[in-house]
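Please open the structure in your viewer and keep the selection panel at hand. We will go from the overall view to the details, one selection at a time.

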Amino acid sequence: MRTTVGIIGAGPAGLLLARLLHNADIDSVVLECRDRGYVERRQRAGLLEQGTVDVLRTAGVGGRMDREGLRHDGIELRFARRRHRVDLSALTGGSSVMVYAQTEVCKDLIELQLRQGGPLLFEAEALAVEGATTDRPVIRFRHGGREGVLECDYVVGCDGFRGVSRTAIPAGLSRVFERTYPFAWLGILADVPPSHDELVYARHERGFALLSMRSPAVSRLYLQVPAGTDAGEWSDEAIWDELARRLETADDWTLARGPITAKSVTPMRSHVHEPMRHGRLFLAGDAAHIVPLTGAKGLNLAVGDVVTFARALIHQRRTGSGERLEAYSETCLRRVWQAERFSYEMTTLLHRAPDATPFDERIQLARLERLTASRAAEADLADGYTGLPWE
Ligand SMILES: Cc1cc2nc3c(=O)[nH]c(=O)nc-3n(C[C@H](O)[C@H](O)[C@H](O)COP(=O)(O)OP(=O)(O)OC[C@H]3O[C@@H](n4cnc5c(N)ncnc54)[C@H](O)[C@@H]3O)c2cc1C
């Protein structure tokens, strides 16, 4: 098999890249180790930045998102039983975010790719990337019990944090920057209409809580829990009680409860692999970086990476210049580090560190007070939340 761009992984990064290349008449092959049902059901991100929404529309895959997604113009911060709305649109000159689940983004992209796109092979596991620094890199893979070789002009590793592509960059050329937080998020999906029409970020002395949603009928809620927590340790009743405590306000707001349909624990970590390019191998999305969930930046960063790659390749095709491809890593990393900074700030603003001193707690409250009192501080939050600029 031979193709221009070999893509490893059919998460949002790999699927969107295949679509952007198809729209530019550049052929690609996507190899995905799991089956279609797994990719379409895996519960993860749900918040799309303005730039991501625009890219999906321009790529011709925004129809259902525009019909079924929920546009949000603000978020609410809660602390000391007080509520403060951050008016994202007013503070950013009209930007907003869209609540539309990653599962739905993937379903839309898969449906379009299978109907009118290059090959998308499920249950096709990439085993290794070889020859990254030659003109003809190859992906060795296993599909249907047989091993094969995909020859490419370029390989893009969109295979997530546990993928194989990152390992093709020699350790001596790699640098990893990491931070593991001493807490995790216990996330639930519940068949109950959301108790507020915008996302609520709550700082509480017992720990952080987030109220969000998937649709007008399905709520998505999270609780800060100690790292290493097993979701099975928490009964449904204990989860609702703890959410109610941490989200409580001084007014008559109440939390609606309903049947919990999914429960999982996600660790909180920051991780950046530099560089994001080695010869003709390019890393994109979670394969190169992880952000803690607080900033909702992971999927949005993945979109930024593949847009940067697609634009650079199109530029090379049109002008013969490979300079943008060569600058891929530096270009992406500038945005990645801004997202890491934003996610770190949101995380430390809202979570209770197990070793926090009374001084730390007062500082955290002072940061929140400042946010609610200063338009400049609020505008900075709104700017980062709705989306960091792309080059
Ligand atoms: C609970 C949770 C909530 C989140 N909320 C948000 C949010 O609100 N907003 C946001 O922006 N981000 C959020 N994120 C992060 C976001 O989900 C990820 O950043 C996003 O999935 C990254 O996309 P990706 O395509 O890079 O990687 P992935 O989605 O991990 O996809 C990688 C794909 O590669 C496949 N693969 C792996 N190895 C191989 C191999 N050897 N061969 C072939 N295929 C392979 C995998 O099966 C997978 O399908 C959340 C994450 C979690 C866990």
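This tour visits the whole chain, its domains, its sheets and the surroundings of the ligand.

**The whole chain**

Begin with everything shown as a cartoon, and bear in mind that this is a predicted model. You should find 12 helices and 19 strands in the protein. The radius of gyration is 21 Å, close to the 21 Å given by the globule rule for 391 residues, so the protein is as compact as a globular protein of that length. Turn the C-alpha trace along its principal axes, and it spans about 65 × 40 × 40 Å.

**Two domains**

Next, colour by domain. Domain 1 takes in 2-72, 97-178 and 269-347, while domain 2 is made of 181-268 and 353-386. Taken over C-alpha atoms, their centres lie 29 Å apart. Where the two touch, 13 residues of domain 1 and 15 residues of domain 2 take part. On the domain 1 side, select β7 (97-99) and α10, since each of them supplies at least two of the touching residues. That side of domain 1 is made up of six nonpolar, five polar and two charged residues.

**The eight-stranded sheet**

Now for an open sheet with mixed pairing. In what order do its eight strands run? Follow them as β6-β5-β13-β14-β15-β12-β16-β19. Look at the two edges, β6 (82-87) and β19 (289-290): each has a single partner strand, so one side of each is left without a neighbour in the sheet.

At the β19 edge, select β16, residues 260-274. β16 and β19 pair in the antiparallel sense over two bridges, and here His271 stands opposite Ile290 in β19. Add helix α10 (residues 328-350), which packs on the sheet and touches β12 (175-190), β13 (200-202), β16 and β19. The directions of α10 and β16 make an angle of about 130°. You have met α10 already, on the side of domain 1 that touches domain 2.

Then move to the other edge and select β5, residues 74-79. Six bridges join β5 to β6 in an antiparallel pair. Show the side chains of Arg78 and, opposite it in β6, Arg83. β5 and β6 form a hairpin with two residues between them. Stop at Ala80 in that turn, where phi is positive, at about 50°.

**The three-stranded sheet**

Select β3, β7 and β4 to see an open, antiparallel sheet in the order β3-β7-β4. Its edge strands are β3 (47-48) and β4 (70-72), each pairing on one side only. Between β3 and β7 there are two bridges, and the strands run antiparallel. Zoom in on Leu48, which stands opposite Met98 in β7.

**Around the ligand**

For the last stop, centre the view on the ligand. Which of the 35 residues around the ligand come nearest? They are Gly9, Gly11, Gly160, Gly285 and Gly298. To see which elements contribute, highlight α1 (12-23), β9 (124-130) and α8 (298-319), each of which supplies at least two residues of the shell. The largest share, four residues, comes from α8. Finally, colour the shell by residue type: 16 of its residues are nonpolar, 12 polar and seven charged.

Terms used:
Residues are numbered from 1 along each chain as its sequence is written. This is a predicted model: local features need pLDDT of at least 70, side-chain atom pairs count only at pLDDT 80 or more; totals for chains, interfaces and linings use all residues. A residue is near a molecule or strand if its C-beta atom, placed from the backbone, lies within 6 Å of it. Ala, Val, Leu, Ile, Met, Phe, Trp, Tyr, Cys and Pro count as nonpolar, Asp, Glu, Lys and Arg as charged, and the others, Gly among them, as polar. Two strands pair if DSSP finds at least two bridges between them. Two residues are in contact if their C-beta atoms, placed from the backbone, lie within 7 Å. Axes are lines fitted to C-alpha atoms, for helices over the stretch in contact, and angles run from 0 to 180 degrees between N-to-C directions. Domain bounds come from an automatic or database domain assignment. The radius of gyration is taken over C-alpha atoms; the globule rule is 2.2 Å times the number of residues to the power 0.38.
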